[in-house]
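Trainee: I am new to this structure. Please take me closely through one part of it, the sheet, and then say how the rest is arranged around that part.

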Amino acid sequence: MRKIAILGLKGGIGKTTTCVNLGAALAQRGQRVLLIDTDTQANVSLALGVTQVKKSLVDVLMRKATAAECVLPARPNLDLIPSDLGLFKAQQRMVLEVAREEIFTELFSDLVNYDYQILDCAPSASLLTINAVAYVEEVYIPVSMEMLALAGARQFMAYLRSISRLLGRGAAIRLIIPTFFDARRRVSAEVLSSLKADFGDKVTFPIRIDTSLSEAPGKGKTIFEYAPRSRGAADYAQLADIVAQLPPLTPPVNGTPSNPRAD
Ligand SMILES: Nc1ncnc2c1ncn2[C@@H]1O[C@H](COP(=O)(O)OP(=O)(O)O)[C@@H](O)[C@H]1O
Ligand SMILES: [Mg+2]
């Protein structure tokens, strides 16, 4: 089972879009995928058109339900643990707990029957983010093609390094995913080449700007359902191929993968 967090300290950079459509593409390839929404905005369920949410991540964190009890089937091979606004309150409780960085690791231990777990994360330096980093082995970071986003990505790497120090280990930053790429704008090419200069072959081909990608969540559909012939569908299908073909992380040493950390 691969555990992936889609992370970034900025909103609106394509985290949720990547989580939903990468997950959907992998599910279409027959992989069993679980999406875990750890953002208070609860956008993953909206994007998938899941409106009947009885139990959510909040119930797991408040110890009112097990994680497995909160799993909702969203599509064939694609399950979801939704979030809701109560996550703010649940987070306040987490702060008071012992071993508070490892709460996801403890509470998600019953989620076993998946090939992929993909966590959508809040754009904040919060305990939820730290728990996500402690829980997963792989971190993917979308970066939108703006100069400020590039600066944000560099700051975020520094933040991830500080989390790794705090935890005594850390998930590997495996992919930097350029998003909102617009070939007509010079800034897109500039930010992309700076990213490649900084992060080398971790940088994937860009996800292009595509109106279909912005419309699909409003209809509760993945890009493959809403506009299967769109650029967005092609780009996320290609991203799923890249993810599926990544070599396995080096076998764990002392229980943690020994790939390069957040640097
Ligand atoms: N490549 C893209 N082209 C056009 N719109 C996009 C693209 N990626 C995401 N969007 C839209 O931009 C907004 C922000 O994306 P989202 O994935 O919600 O960002 P985040 O989760 O990082 O806040 C959403 O309305 C989404 O539909
Ligand atoms: Mg989001």
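Mentor: Arg-75 stands opposite Leu-78 in β4, and in the same strand Asp-79 has Pro-73 opposite it. Before going further, note that this is a predicted model, in which local features need pLDDT of at least 70 and side-chain atom pairs count only at pLDDT 80 or more, while totals for chains, interfaces and linings use all residues. Residues are numbered from 1 along each chain as its sequence is written, and chains are lettered from A and ligands numbered from 1 in the order in which they are written.

The two pairs just named belong to β3 and β4 (residues 78-81), which run antiparallel and are joined by three bridges. Strands here are DSSP runs of E of at least two residues, and helices are runs of H or I of at least four, both numbered from the N terminus; two strands count as paired if DSSP finds at least two bridges between them. β3 and β4 make a hairpin with two residues between the strands, and Asn-77 takes a positive phi near 65 degrees there.

The hairpin is part of an open sheet of seven strands with mixed pairing, in the order β3-β4-β2-β5-β1-β6-β7. β3 (72-75) and β7 (172-179) are its edge strands, each pairing on one side only. From one strand to the next the twist averages 25 degrees, with axes fitted as lines to C-alpha atoms and angles running from 0 to 180 degrees between N-to-C directions. Strands of a sheet pair through backbone hydrogen bonds, either parallel or antiparallel.

β1 shows the parallel kind. Five bridges join β1 to β5 (residues 116-121), and these two run parallel; Lys-3 has Gln-117 as its bridge partner in β5. β1 also pairs with β6 (residues 138-144), again in the parallel sense, over three bridges, and Ile-6 stands opposite Tyr-140 in β6. In a regular strand the side chains alternate between the two faces of the sheet. In β1, Arg-2, Ile-4 and Ile-6 lie on one side and Lys-3 and Ala-5 on the other, and all are buried. A residue is called buried if 20 or more other C-beta atoms, placed from the backbone, lie within 10 Å of its own.

Away from the sheet, helix α6 (residues 127-135) has eight of its nine residues buried, so α6 is largely enclosed by the rest of the structure. Among the buried ones are Leu-128, Ile-130 and Tyr-135. In helix α4 (residues 87-95) sits Ala-90, which is buried, with 22 other C-beta atoms within 10 Å. Leaving aside residues up to four places away in sequence, Ala-90 touches Val-58, Leu-61 and Met-62, where contact means C-beta atoms, placed from the backbone, within 7 Å.

There is also a ligand. Ligand 1 is surrounded by 17 residues, the closest being Lys-15, Thr-16, Thr-17, Leu-213 and Ser-214; a residue counts if its C-beta atom, placed from the backbone, lies within 6 Å. α1 (15-28) and α9 (211-215) each supply at least two residues of this shell, and α1 gives the most, with three.

As for the whole, the chain has eleven helices and seven strands, and buried residues make up 47% of its 263 residues.

Technical notes. A residue is buried if 20 or more other C-beta atoms lie within 10 Å of its own, exposed if 12 or fewer, and partly exposed in between; C-beta atoms are placed from the backbone. Two residues are in contact if their C-beta atoms, placed from the backbone, lie within 7 Å.
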